[in-house]
Amino acid sequence: MRSDFDLGRFELISGTDLPAAHLAYETYGELDDEGSNCILLPSYYTGTSASYKPWIGPGRVFDPAEWFIVAVNLFGNGVSTSPSRAHPDTAGAAFPEVDIADNVIAQHRLLAHLGVQRIRLVAGWSMGALQAYEWAVRYPDLVEAILPIAGAARCSPHNFVFLEGVKSALLADPAFRAGRYTAPPVQGLRAFGTVYAGWAYSQEFFRQGTYRELGYASVNAVVQGWATDHEGEDANDLLAMLGTWQRADVGKHHPGGFEGAMRSITARAIVMPGSTDLYFPQADSEREVELLQYGELRPLVSGLGHLAGRPGIRAAETTQIGAAVEELLSN
């Protein structure tokens, strides 16, 4: 069952604030007496806490009989405080810039409220990986291990440009009206999803017809499916999360910059870039792992592209992720 944690007036690292902020979250299992069996799953772009359910349950990646699992929602995702769900002063186009660090600071308050004393593992796909790294830098005494899947410790220049492309497709719709739309900018939302479809998967995914395994009859069905899915998103929510993603950098507020931040991580890490990911490429993860004290690069071998790490996407990918989780939790 989803719950809301009231943060009150929440000051952001930019100096602005969210007047009446809340984090939406779900928990599974029971916290042990020492408060030390917590697994944290931060949400990803267009996902929610519920998106991790394919990984949670008896015989799955995370068993609630053993672990206290907290799945938490990003600011901006339409469930936690977001442009579409905010105090009138910060609703819609007035929503302030939120950083990955803001999300992690708020999550830290939530876990303290829940009685968590140690986090055995922070695991996350895509934007969830960005948060896992931030947790390990910001709260090193709390986090034992991290599992960043198809993500990074910062938004690379190429990743930034990719996001500018999908954003521009949305902004070009006259109905968007600089975020002050009175009806959904459907053309822009469909264009956003259409452009995104070409980046979400790999060339191999299309060349070999793997899309049929995911229920798409044709390449055009993939394109139309992504366009239709994004029709249901709130445009300002999409842009708020996209901005959070583009600003991501664990070194931004660290005295040692990016390299110093990465070298400061004491958590054990298995870093799983998607082997065919187009915008969180393995080469970026290789450079990041070189900076970690206790890091191992373990590519998620898949032809699905970035989507290889999405919870429940396919058994072959889930098995690889499950093996890494088991290793991190057994030590």
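Colleague: Is S126 buried or exposed?
Modeller: This is a predicted model, and S126 sits in its loop between β5 (119–125) and α2 (127–138). Buried means under 20% relative accessible area. S126 has a relative accessibility of 3%, so S126 counts as buried.

Colleague: What is phi of S126?
Modeller: S126 is a residue other than glycine, yet its phi is positive. The value is near 60 degrees.

Colleague: Where does T46 lie, and is T46 buried or partly exposed?
Modeller: T46 is not a glycine either, and has a positive phi of about 65 degrees. T46 belongs to the loop between β3 (38–42) and β4 (68–72). Its relative accessibility is 35%, and between 20% and 50% a residue is partly exposed. T46 therefore counts as partly exposed.

Colleague: How many Å apart are the end C-alpha atoms of helix α1?
Modeller: Helix α1 has 15 residues, 100–114. The expected span is 1.5 Å times one less than the number of residues, so α1 should span 21 Å. The model agrees with this, because the end C-alpha atoms of α1 are apart by 21 Å.

Colleague: Which residue follows α1, and what is its phi?
Modeller: Among the buried residues of α1 are L110 and L111. α1 is followed by G115. The phi of G115 is positive, near 90 degrees.

Colleague: Is Y211 buried or exposed?
Modeller: Y211 is found in the loop between α5 (203–207) and α6 (219–231). Leaving aside neighbours within four places in sequence, Y211 is in contact with residues including F205, F206 and V222. At 7% relative accessibility, Y211 falls under the 20% limit and so counts as buried.

Colleague: Which side chain is joined to that of Y211 by a polar contact of 3.5 Å?
Modeller: W125 is 86 residues from Y211 in sequence and 20 Å from Y211 in space, C-alpha to C-alpha. A polar contact is a pair of N or O atoms within 3.5 Å. The side chain joined to that of Y211 by such a contact belongs to R212.

Colleague: Which side chain makes a polar contact with the side chain of Q246?
Modeller: Q246 lies in helix α7 (residues 235–246) and counts as buried because its relative accessibility is 12%. Beyond its neighbours within four places in sequence, Q246 is in contact with C155, F160, L163, E164 and K167. The polar contact, at 3.0 Å, is with the side chain of E164.

Colleague: Are α3 and α4 roughly parallel or roughly antiparallel?
Modeller: Helix α3 (residues 157–171) and helix α4 (residues 186–200) pack with their axes 6 Å apart, at an angle of about 150 degrees. Angles over 145 count as roughly antiparallel, which makes α3, relative to α4, roughly antiparallel. The contact involves residues including F162 and V166 of α3 and F192 and W199 of α4.

Colleague: Is the crossing of α3 and α4 left-handed or right-handed?
Modeller: The angle of about 150 degrees between α3 and α4 does not by itself name the hand. The crossing is right-handed.

Colleague: Are α4 and α6 roughly antiparallel or oblique to each other?
Modeller: The axes of α4 and α6 are 7 Å apart, and the packing angle is about 135 degrees. Their crossing is right-handed, with a contact made by residues including L189 and Y196 of α4 and W226 and H230 of α6. Since roughly antiparallel requires an angle over 145, α4 and α6 are oblique.

Notes: Residues are numbered from 1 along each chain as its sequence is written. This is a predicted model: local features need pLDDT of at least 70, side-chain atom pairs count only at pLDDT 80 or more; totals for chains, interfaces and linings use all residues. Side-chain values use heavy atoms; hydrogens and water are left out. Helices (H or I, at least four residues) and strands (E, at least two) are DSSP runs, numbered from the N terminus. Buried means under 20% relative accessible area, exposed over 50%, partly exposed in between (1.4 Å probe, protein chains only). Contact means heavy atoms within 4.5 Å. A polar contact is a pair of N or O atoms within 3.5 Å; within protein, one must be able to donate a hydrogen and the other to accept it, and residues adjacent in sequence count only if both atoms are side-chain atoms. Axes are lines fitted to C-alpha atoms, for helices over the stretch in contact, and angles run from 0 to 180 degrees between N-to-C directions. Angles under 35 degrees count as roughly parallel, over 145 as roughly antiparallel, 65 to 115 as roughly perpendicular and the rest as oblique. A crossing is left-handed if the near helix is turned anticlockwise from the far one by less than a right angle, and right-handed if clockwise.
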